[in-house]
Amino acid sequence: MDELGARAAAIVARHPRHARLRRVGTSRAGHPLLLLSVGHGSRQVLVVAGPHANEPVGGATALRLAERAVADPRLADGADATWNLLLCADPDGLRRNEGWLTGPYTLGRYARNFFRPGFLEQPEWLPDGPDRATLPETRTLLDLQAELRPFLQCSLHGVDVGGGFVELTHDLPGLPQRISHIAARLAVPRELGAYDTLYWPDLGPAVYRIPPPRRGDFTAAITEAAVDSTWCHPGRYGTVTAVVEAPMWGVAAVADGSPPADRDTVLRTVSRTLRQDTRRLHRVLARLRPHLATVPEAAHLLAPVDDYLLVCPRLADAWDPDTDDGTGRSLPPMNTSHLVALRLAGRRLSLRTAGLLHQLVTRTGGDPAGVLPELDRLVDEGCADYRDGCAAHWIPVGRQVEYQTRVVLAAFELAGRRPGAGSRAAGPGRGTEATVPMHRD
């Protein structure tokens with residue numbers, strides 16, 4: 001987090017006529033929310049990095065976009081555009097991932113040091129609507145959207161294991177073809193059946209349409225992004241939002257669009273495995289919970305654990321062809337990529353929960369409940385399934401960043417072609433703030 005701010009300040013120091021850095025808010029723990037702006041055009045772009053604490057690639061992508069915009073006048077003043085780059089929307093959560101951020105990048109190290117806050121503590125979600133948003137990070141993002149009224153917003157996300165894809169609030173014709181070319185050049189698999197978008201319309205391979213928010217129960221909100229969000233909120237300003245997902249560990253099979261050989265057998269296996277893991281995790285938590293009263297920040301780790309254990313049974317029922325999950329909704333047609341994505345998602349939920357519980361145990365100073373061996377088995381089994389069963393392979397950080405950067409630039413070009421894109425002039429005083437003195441933060 002400190003490195004992001006320092007590198008942004010260095011860009012401003014090298015290019016003071018083109019770049020500005022300002023503090024636009026403060027996190028719950030008192031960390032600065034920093035906005036790096038490049039260019040002086042009237043057409044505003046808002047790039048949001050780090051909305052999910054365990055997805056750090058967006059911060060590096062934001063810096064690379066700034067460097068590109070400074071170096072290429074066609075991207076900023078030449079396009080009458082200003083790039084506004086929020087370096088990290090959840091700096092508190094990012095700091096809680098520092099146990100794996102410096103490497104070595106192994107699945108086991110990632111799982112045992114993973115952190116992502118509970119659903120209600122994630123800054124992009126508006127489960128009670130924008131007027132009742134209370135997180136300072138969320139209020140900062142909403143205020144930026146109202147100030148800038150961007151023609152394009154890009155939310156930078158990272159898939160831990162899988163492939164790259166994009167979610168859009170509005171169609172950008174030509175983007176699927178651009179992504180196909182970018183992914184092929186950089187050897188990044190495209191996720192053709194992303195778990196998050198199982199019931200969403202396809203706009204082309206690895207590009208999905210974000211549906212309008214709707215009211216639903218809490219588990220549906222977590223699993224389907226069904227509630228209002230800062231993705232959809234700036235639609236009132238004519239904003240196109242692109243959620244750009246870049247994988248950390250790639251799995252080639254997520255790009256397999258062929259018909260599956262035996263869909264129902266795979267679904268039964270995925271559902272059964274998720275149910276078995278969930279029962280094991282429930283037993284571990286029941287033994288561990290009485291020992292957590294004095295553990296520092298136990299509540300921050302327990303919130304996502306409780307979320308995951310709430311949604312896992314619902315998902316297992318939803319994916320099981322032999323179970324009625326009570327929604328009256330049948331599974332959509334599926335290709336091989338969909339089945340691989342569901343297998344990865346089931347393991348992801350188990351691994352995240354086991355990793356968070358592992359951290360809770362280590363913070364007790366021992367293993368008072370005697371659950372550490374079981375948690376290590378859960379983590380090792382999940383990592384082995386990813387590594388050996390799914391052929392997951394690490395994608396170097398530089399390649400992740402370049403993939404995400406190129407996808408954002410493609411979205412920028414295509415969104416700029418939409419009628420009336422970014423016609424509103426910049427508001428008074430925008431872009432005139434002095435550089436933040438980083439050593440004070």
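This tour moves through a predicted model, from helix 1 to strand 3 and then to Leu-101.

**Helix 1.** Begin by selecting residues 2-14, which form helix 1. From the first C-alpha to the last, its 13 residues reach 19 Å, close to the 18 Å expected at 1.5 Å a residue. Next, display the side chains of Leu-4, Gly-5, Ala-8, Ala-9, Ile-11 and Val-12, which are buried. These residues lie on the same side of helix 1, because they cover an arc of only 155 degrees around the axis. Glu-3 and Ala-13, on the other side, are exposed. To see what covers the buried residues, add strand 1 (19-26), strand 2 (32-38), helix 2 (57-71) and helix 3 (91-95), which are included in that cover.

**Strand 3.** Now select residues 43-48. Six of the six residues of this strand are buried, so strand 3 is largely enclosed by the rest of the structure. Arg-43, Val-45 and Val-47 point one way, while Gln-44, Leu-46 and Val-48 point the other way.

Add strand 4 (residues 81-86), which pairs with strand 3 in the parallel sense over six bridges. Within this pairing, Gln-44 has Thr-82 as its bridge partner. Follow the chain from strand 3 through helix 2 to strand 4: this β-α-β crossover is right-handed.

Then add strand 5 (residues 152-162), which runs parallel to strand 3 and is joined to it by four bridges. Here Leu-46 stands opposite Gln-153.

**Leu-101.** Finally, select Leu-101 in helix 4 (residues 98-101). Leu-101 counts as partly exposed because its relative accessibility is 22%. Beyond its neighbours within four places in sequence, Leu-101 is in contact with Pro-56 and Leu-94.

Key: Residues are numbered from 1 along each chain as its sequence is written. This is a predicted model: local features need pLDDT of at least 70, side-chain atom pairs count only at pLDDT 80 or more; totals for chains, interfaces and linings use all residues. Side-chain values use heavy atoms; hydrogens and water are left out. Helices (H or I, at least four residues) and strands (E, at least two) are DSSP runs, numbered from the N terminus. The expected span of a helix is 1.5 Å times one less than its number of residues. Buried means under 20% relative accessible area, exposed over 50%, partly exposed in between (1.4 Å probe, protein chains only). The arc is that of the directions from the helix axis to the C-beta atoms. Contact means heavy atoms within 4.5 Å. Two strands pair if DSSP finds at least two bridges between them. A crossover is right-handed if, with the strands pointing away from the viewer, the path from the first strand over the helix to the second runs clockwise.
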